[in-house]
Amino acid sequence: MKKYTFLVLALLAYSQINAQYSKKTQLKYIEELSSDNMKGRGFGTEESRLSAELIAKTFKKNNLKPCVGDSFLIEFEHNGKKGQNVCGIKQGKSKDIYAFGAHYDHIGYDDKGDDKIFNGADDNASGTSTVMALSDYFKDKKTEKTLMYMAFDAEEIGLVGSKKLVENEAFSSYLSDMKVMLNLEMLGTLSAFGEGKVYMTGSDRSDLMALMNSNTKTTFKVESDPYLKQQLFFRSDNVNFVNKGVVSHSLSTVNMENQHHYHQKNDELDVIKIDNLSIIAQGIGYSIEEMMKQNQQPKYSK
Ligand SMILES: [Zn+2]
């Protein structure tokens with residue numbers, strides 16, 4: 001009996017160590033991406049390249065495989081500048097793909113005032129860190145479906161990076177298997193709906209919100225888009241996947257009627273509500289995990 005107790009305890013300790021999602025780690029991802037060293041992650045800069053490499057390092061640590069070729073970085077050119085998307089894949093039992101994406105670029109810096117850097121902690125180190133944290137979450141799980149993790153460059157100059165990605169010949173062969181692409185955009189603050197709540201842009205266009213909400217066990221919940229007039233559905237990287245027929249929405253917490261940091265220099269680490277973000281990141285992981293187990297595939301409404 002004693003022997004078994006020890007075994008159980010040892011296993012428990014082992015599973016604790018290997019409980020891959022960690023709030024502390026997610027906060028560290030945000031801290032690194034939004035640090036002054038990254039100079040606001042402007043498109044085409046050396047610092048944007050460094051950010052991409054940082055994301056790729058996490059993908060490698062989590063045993064993902066590059067989506068295209070032998071590098072997690074998928075390069076492109078735009079207006080004479082070089083950029084790079086980051087993409088990693090984890091094979092599941094089925095080749096159906098459930099994908100997560102977030103843009104990691106931001107608007108850089110200027111030379112006005114004492115604070116020159118647009119750190120973009122919420123926009124969108126918060127979403128990017130969630131993509132990275134989800135690769136932690138699923139690291140040791142055998143999944144029914146194939147998981148894809150993407151970080152897009154050049155969103156701020158007009159959704160350019162994600163468009164280049166879906167048009168990349170080698171990448172585009174994945175699109176017909178992609179059952180859903182969850183785009184994560186500004187999740188760092190408390191939404192108007194309260195703790196653990198996100199809203200889904202264009203939520204009335206598919207049954208994804210209902211499916212996610214039928215698979216939640218915490219305060220995490222997906223709410224309808226409260227800012228329909230602002231057409232947010234068309235204003236982030238999900239739209240380039242929508243145009244290819246993939247069910248794709250953005251999840252966000254940003255209160256469009258009451259925020260003071262969007263594209264401002266005060267979008268820094270201290271705006272991030274990490275406890276709330278941690279509920280959200282794990283809530284997304286759990287609901288997608290359950291959806292995969294039950295072979296639930298979202299569809300656009302007719
Ligand atoms: Zn953004």
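This short talk walks through some helix contacts, a group of paired strands and a few unusual backbone positions in one structure, which is a predicted model.

Let me begin with helix α4, which covers residues 121-137, and with the two helices whose packing against α4 I would like to describe. The partner I take up now is α9, residues 274-293, and here the two axes lie 10 Å apart and form an angle of about 50°. An angle of that size falls outside the ranges for roughly parallel, roughly antiparallel and roughly perpendicular, and α4 and α9 are therefore described as oblique to each other. The crossing of this pair is right-handed. On the α4 side the contact involves S126, T130, A133, L134 and Y137, and these meet L277, A281, Q282, I284 and G285 of α9. Sorted by class, the residues in the contact of α4 with α9 comprise six nonpolar and four polar ones, with no charged residue.

The other partner is α3, residues 46-61, whose axis is 9 Å from that of α4, at an angle of about 15°. Because angles under 35 degrees count as roughly parallel, α3 is placed in that class with respect to α4. The crossing of α3 with α4 is left-handed, and the contact is built from I55, T58 and F59 on α3 together with T128, M132 and S135 on α4. In the contact of α3 with α4 there are three nonpolar and three polar residues, and again no charged one.

Before leaving α4, there is one backbone detail that I would ask you to look at on the screen. The peptide bond that leads from D123 to N124 is cis, with omega near 0°, and N124 lies within helix α4 itself.

I turn now to the strands, and I will arrange this part around β3, which spans residues 81-90. Which strands pair with β3? Among them is β2, residues 73-78, which runs antiparallel to β3 and is joined to it over six bridges. Within that pairing H78 stands opposite K81, and E77 stands opposite K82. The hairpin of β2 and β3 has two residues between its strands, and N79 adopts a positive phi near 50° there. Strand β1, residues 65-66, is also antiparallel to β3 and is connected to it by two bridges, with K65 having I89 as its bridge partner. Finally, β3 and β5 are antiparallel as well, with five bridges between them, and in this case C87 stands opposite M150. As for burial, eight of the ten residues of β3 are buried, so this strand is largely enclosed by the rest of the structure.

Following β5, which ends at residue 152, we come to the loop between β5 and α5, the latter being residues 160-167, and D153 is located in this loop. Is D153 buried or exposed? It has 31 other C-beta atoms within 10 Å, and since 20 or more is the cut-off for a buried residue, D153 counts as buried. If we set aside residues up to four places away in sequence, D153 touches F43, S48, A52, G83, Q84, N85, Y104, D105 and G161. By contrast with those contacts, D177 is 24 residues away from D153 along the chain, and the C-alpha atoms of these two residues are separated by 23 Å.

A154 belongs to that loop between β5 and α5 too, and its backbone deserves a look, for A154 has a positive phi of about 55° although it is not a glycine. A154 is buried, with 27 other C-beta atoms within 10 Å.

A positive phi of about 55° is also found at Q231, which is likewise not a glycine. Where does Q231 lie? Its place is in the loop between β8, residues 221-224, and α8, residues 238-242. Here the surroundings are of another kind, because Q231 has 12 C-beta neighbours inside 10 Å and so counts as exposed, whereas A154 is buried.

To close, I would come back to two points from the talk. Helix α4 is oblique to α9 and roughly parallel to α3, and β3 is largely enclosed by the rest of the structure.

How values were computed
Residues numbered from 1 in each chain as written. Predicted model: local features only at pLDDT ≥ 70, side-chain atom pairs only at ≥ 80, totals over all residues. Axes fitted to C-alpha atoms, helices over the stretch in contact; angles between N-to-C directions. Helix = DSSP H or I, 4+ residues; strand = E, 2+ residues; numbered from the N terminus. Parallel < 35°, antiparallel > 145°, perpendicular 65-115°, else oblique. Left-handed = near helix turned anticlockwise from the far one by under 90°. Contact = placed C-beta atoms within 7 Å. Nonpolar A, V, L, I, M, F, W, Y, C, P; charged D, E, K, R; others polar. Pairing = 2+ DSSP bridges.
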